[in-house]
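Subject: Model handover

Hi,

Here is the model for you to load. My notes come after it.

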Amino acid sequence: MRLRIVRSHEGDIVAYELELGHDLVAIRVRPGKRTQKRIVLRADEHGFSISAPPWARSRDLEQVILRHGRWLREAHAKTVATKPKRLEAGDDIWILGQPFVVRTWAKADREIDHDHHIVWVPEHAGDVHAQVHQMLRELALKHLPERAMMWAEKMALRPSRIGVKAQRSRWGSCTSKGHIYLNWRLIQAPEAVMDYVVVHELAHLAHMNHGPEFWKLVARFQPDWQAQRAWLRLHGHELFRLDLEAKA
């Protein structure tokens with residue numbers, strides 16, 4: 001098992017990335033409490049995390065992670081196997097990295113209330129999950145291309161097309177013809193994460209590889225790109241909750 005440290009632009013350790021077979025699992029670093037006596041590795045609905053007392057060194061955290069490799073592998077396998085469930089009134093959903101609550105009301109129109117962080121669905125609309133799915137798809141179709149065009153201008157790059165898709169295993173792609181495609185589910189991620197994916201794909205217009213010059217270009221416009229990639233590896237599976245195929 002190989003372990004890699006992910007640092008922020010300021011040099012702080014924000015996560016560790018552990019290779020488990022063909023998968024790369026991210027373990028975010030949470031601040032420990034002053035009274036904490038030992039290093040704690042845990043798994044919850046947000047993924048894996050590790051926290052430590054103030055005296056702990058990075059090598060101490062690394063040893064704990066590697067020592068629990070089997071447990072991490074088994075917990076990761078269970079997460080991958082978990083099927084997303086359909087949304088109901090009262091459930092939470094992310095929009096641009098912010099938590100929103102899904103609510104129904106007889107007099108409500110189908111809308112996203114950004115001021116109060118509420119996704120309104122009319123009671124008579126029927127399938128709440130499908131309604132929320134449609135609203136976020138519509139928002140993504142508008143917001144993601146606008147974001148991509150903004151970054152294209154900043155990077156002085158010209159994609160021949162910008163599209164939004166329901167990709168199953170990618171967050172974005174760039175074709176040899178200069179077509180940029182973005183996964184609509186990114187509308188749920190924080191804007192910094194969304195921007196990293198956009199810049200990553202746009203950078204392929206200049207470098208159709210992942211060589212040193214490619215990453216140099218990404219880092220020029222996204223200095224914290226490693227932290228954003230780590231966020232996707234920690235939370236990416238949660239963004240697939242809105243699949244229409246989700247079971248009740």
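Below is what I found, starting with the sheet.

This is a predicted model. It holds an open sheet of five strands, in the order 1-2-3-5-4, with mixed pairing. Strand 1 (3-7) and strand 4 (40-44) stand at the edges. Each has a single partner strand, so one side of each lacks a neighbour in the sheet. On average, neighbouring strands are turned by 30° against each other, direction ignored.

Now the pairings, going across.

- Strand 1 and strand 2 (residues 13-20) are antiparallel, with five bridges. Leucine 3 has leucine 18 as its bridge partner in strand 2.
- Strand 2 and strand 3 also run antiparallel, joined by six bridges. Here leucine 18 stands opposite valine 25 in strand 3.
- Strand 3 and strand 5 run parallel, and three bridges join them. Isoleucine 27 stands opposite phenylalanine 48 of strand 5.

What packs on the sheet? Helix 1 (residues 58-67) does. Helix 1 touches strand 1, strand 2, strand 3 (23-29), strand 4 and strand 5 (47-51). The direction of helix 1 makes about 30° with that of strand 2.

One loop residue is worth a look. Serine 8 lies in the loop between strand 1 and strand 2. Is serine 8 buried or exposed? Its relative accessibility is 15%. The cut-off for buried is under 20%, so serine 8 counts as buried. Leaving aside residues up to four places away in sequence, serine 8 touches Val14 and Asp224.

Best wishes

Terms used: Residues numbered from 1 in each chain as written. Predicted model: local features only at pLDDT ≥ 70, side-chain atom pairs only at ≥ 80, totals over all residues. Heavy atoms only, no water. Pairing = 2+ DSSP bridges. Helix = DSSP H or I, 4+ residues; strand = E, 2+ residues; numbered from the N terminus. Axes fitted to C-alpha atoms, helices over the stretch in contact; angles between N-to-C directions. Contact = heavy atoms within 4.5 Å. Buried < 20%, exposed > 50% of the residue type's maximum accessible area, 1.4 Å probe, protein only.
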